[in-house]
Amino acid sequence: MEQLLQSERDGACNWEKLADELLAAGLTASALSALDMVIDNEKDLYARAISYDRMGEVEHKLNMEWAAAADHRVANRLRGIPNPQAPYLELDDGELTVLSAHNNPEIFERIMASLPNSPLLNDPMRDPTLSKRAAMEVPKPGHGPATDDCSFFVLDLDDRPILQVEADVTGDRFLGCRQTAILLTKVAPDHPQIPQAENLAVRQLIVALEWSGCKNAVFEMYPPDTLPPILHKWVTNSGIRTIPLTAAWIDLSLDAEEIERRYRSAHRQSLRWGRNNMRVAKTSTPDPVLLGYYQQVHDELHRIPGLPVESVIRYLDEGRLNLYIGFYEDKPVVALLSSRHGTTTYYAASAKIPIGNKPLGHVVLHQAIMDAKAEGQKRFDFGGLNTDKYFSEKLRGIALYKSGFATHTQNYVHYLVKL
């Protein structure tokens with residue numbers, strides 16, 4: 001065992017070699033654990049996919065067909081291949097039934113279209129009409145993992161939606177919602193069967209967790225709200241990790257002077273510098289010149305854009321995005337996207353080419369905020385901020401930057417749970 005655990009490089013444990021030897025010896029349960037360690041210590045997506053496929057093969061030989069299929073689905077996603085044809089179990093409970101986006105995408109879309117007042121339409125992270133579409137786009141080969149949609153409605157006897165649960169999984173990450181957490185959204189909040197619907201929804205999410213091959217799911221709660229009893233029980237019994245976060249936004253009903261006055265003092269100074277030294281160009285249509293600058297900024301940073309140019313063009317055409325380019329000394333140095341979600345505008349993405357310690361981004365973001373106000377939007381949202389000491393210094397620095405613009409903040413919690 002000591003020889004098998006000693007790697008030829010860096011003195012690290014050679015879990016892959018150990019897994020091979022354990023499989024050869026017929027010690028399959030231990031081999032699966034060793035393959036788990038291979039995955040935990042491997043950053044390359046394709047290498048992890050190979051280990052998941054190997055796990056699936058071992059599980060298949062043990063007649064663990066459900067687990068084997070789940071691991072092969074994970075391997076597909078890591079290679080950038082979603083699993084739309086894989087069978088997905090839908091539960092029911094008395095008069096209540098689950099209708100999933102995976103099995104019934106067209107019916108799911110029709111129901112969604114029949115809910116013009118759904119709170120999800122104003123939620124930048126969970127908006128099914130934009131954020132979801134962007135998340136579900138199949139990546140170009142080598143451009144990252146794919147996503148499987150695990151969203152569903154809980155319907156009553158008359159096929160009326162009671163709850164909507166937006167959930168998905170990218171690669172082998174957690175079961176969540178567009179890289180944030182799952183909410184049980186009441187689309188019929190006065191329905192008498194809400195408690196029963198919540199119970200069914202949580203049971204369905206456990207199925208989704210197993211089907212997707214994930215180890216964890218993430219749920220969100222804003223105090224003083226409480227979790228449904230069945231979810232509270234799962235959270236309590238699963239050895240959870242609690243992740244504190246901060247929501248930050250701007251109330252766009254405030255007048256422009258008041259919004260700017262509430263910026264952090266250092267941000268106001270940086271804004272003044274930007275007004276004197278930079279130029280900002282904006283488009284809400286697919287302007288080929290600004291789109292070229294968008295790609296140029298990312299190329300110079302050696303970064304793959306969070307939203308590919310083809311997608312930016314499509315969403316600009318639909319009136320869902322604004323694209324901003326910030327110029328310093330006639331050179332494009334900042335690219336920023338803001339997205340529209342109902343009456344909420346979201347700080348969707350930005351990239352900045354550093355030039356010393358010059359505050360290049362402030363004037364560009366300020367322009368996006370003022371444009372959202374001029375468009376009649378109610379809220380400019382920064383999403384969840386990683387303010388807690390649990391997060392890296394880089395993430396806390398980004399959170400500090402964004403919170404310096406916000407007029408309002410609110411603390412909330414993510415619960416990371418397991419089966």
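**Group meeting talk: two sheets, a helix crossing and a cavity**

Okay, let's start at a turn: strand 12 and strand 13 form a hairpin with two residues between the strands, and G342 in that hairpin has a positive phi near 60°. Before I go on, keep in mind that this is a predicted model.

So, staying with that hairpin. Strand 12 covers residues 331-341, strand 13 covers residues 344-352, and the two pair in the antiparallel sense over eight bridges. If you want one pair to click on, take H341, whose bridge partner in strand 13 is T344.

Now zoom out. What is the order of the strands in the open sheet of eight? Reading across, you get 8-15-9-14-13-12-11-10, and the pairing is mixed. At the edges stand strand 8 and strand 10, residues 278-283; each has a single partner strand, so one side of each is left without a neighbour in the sheet. There's some twist to look at too: on average, and ignoring direction, neighbouring strands here are turned by 30° against each other.

Let me walk through a couple of the pairings. On one side of strand 12 you have strand 11, residues 321-328, and the pairing is antiparallel again, over eight bridges. In that pairing L321 stands opposite S339 of strand 12. Then there's a helix lying on this sheet: helix 12, residues 288-301, packs on it and touches strand 10, strand 11, strand 12 and strand 13. Its direction makes about 115° with that of strand 12.

Going the other way from the hairpin, strand 13 meets strand 14, residues 379-385, and this time the two run parallel, joined by three bridges. Across that pairing, T345 stands opposite F380 in strand 14. As a general reminder, strands of a sheet pair through backbone hydrogen bonds, either parallel or antiparallel.

On to the other sheet. It is open as well, with five strands in the order 1-2-4-5-7 and antiparallel pairing. Which strands sit at the edges? Those are strand 1, at 92-93, and strand 7, at 185-186, each pairing on one side only. Strand 7 runs antiparallel to strand 5, residues 161-165, with two bridges joining them. In one of the pairs, L163 has K186 in strand 7 as its bridge partner. And here, too, a helix packs on the sheet: helix 8, residues 194-212, touches strand 1, strand 2, strand 4, strand 5 and strand 7. The direction of helix 8 makes about 35° with that of strand 5.

Next, a helix pair. The axes of helix 11, residues 265-277, and helix 14, residues 362-374, come within 8 Å and cross at roughly 95°. With that angle, helix 11 counts as roughly perpendicular to helix 14. Who makes the contact? From helix 11 it's H267, S270, L271, G274 and R275, and from helix 14 it's H362, V363 and H366. By class, that contact divides into two nonpolar, five polar and one charged residue.

Now for empty space. How many cavities of 30 Å³ or more does a search of the whole structure find? One. The largest cavity holds about 40 Å³ of space. Its lining is D168, V169, T170, R173, F174, G176 and Q179. Those lining residues split into two nonpolar, three polar and two charged.

Hang on to Q179 from that list, since there's a backbone detail there as well. Its phi is near 70°, which is a positive value in a residue other than glycine. Q179 is found in the loop between strand 6, at 168-170, and strand 7.

Last stop, another backbone detail. The peptide bond joining P223 and P224 is cis, with omega about 10°. Where is P224 placed? In the loop between strand 8, at 216-221, and helix 9, at 229-237. That loop follows strand 8, an edge strand of the sheet of eight we began with.

Technical notes: Residues numbered from 1 in each chain as written. Predicted model: local features only at pLDDT ≥ 70, side-chain atom pairs only at ≥ 80, totals over all residues. Heavy atoms only, no water. Pairing = 2+ DSSP bridges. Helix = DSSP H or I, 4+ residues; strand = E, 2+ residues; numbered from the N terminus. Contact = heavy atoms within 4.5 Å. Axes fitted to C-alpha atoms, helices over the stretch in contact; angles between N-to-C directions. 1 Å grid on protein atoms, 1.4 Å probe; cavity = no way out; pocket = protein on both sides within 12 Å on 5 of 7 lines; lining within 4 Å. Points joined across faces, edges and corners; volume = space filled by probe spheres on them. Nonpolar A, V, L, I, M, F, W, Y, C, P; charged D, E, K, R; others polar. Parallel < 35°, antiparallel > 145°, perpendicular 65-115°, else oblique.
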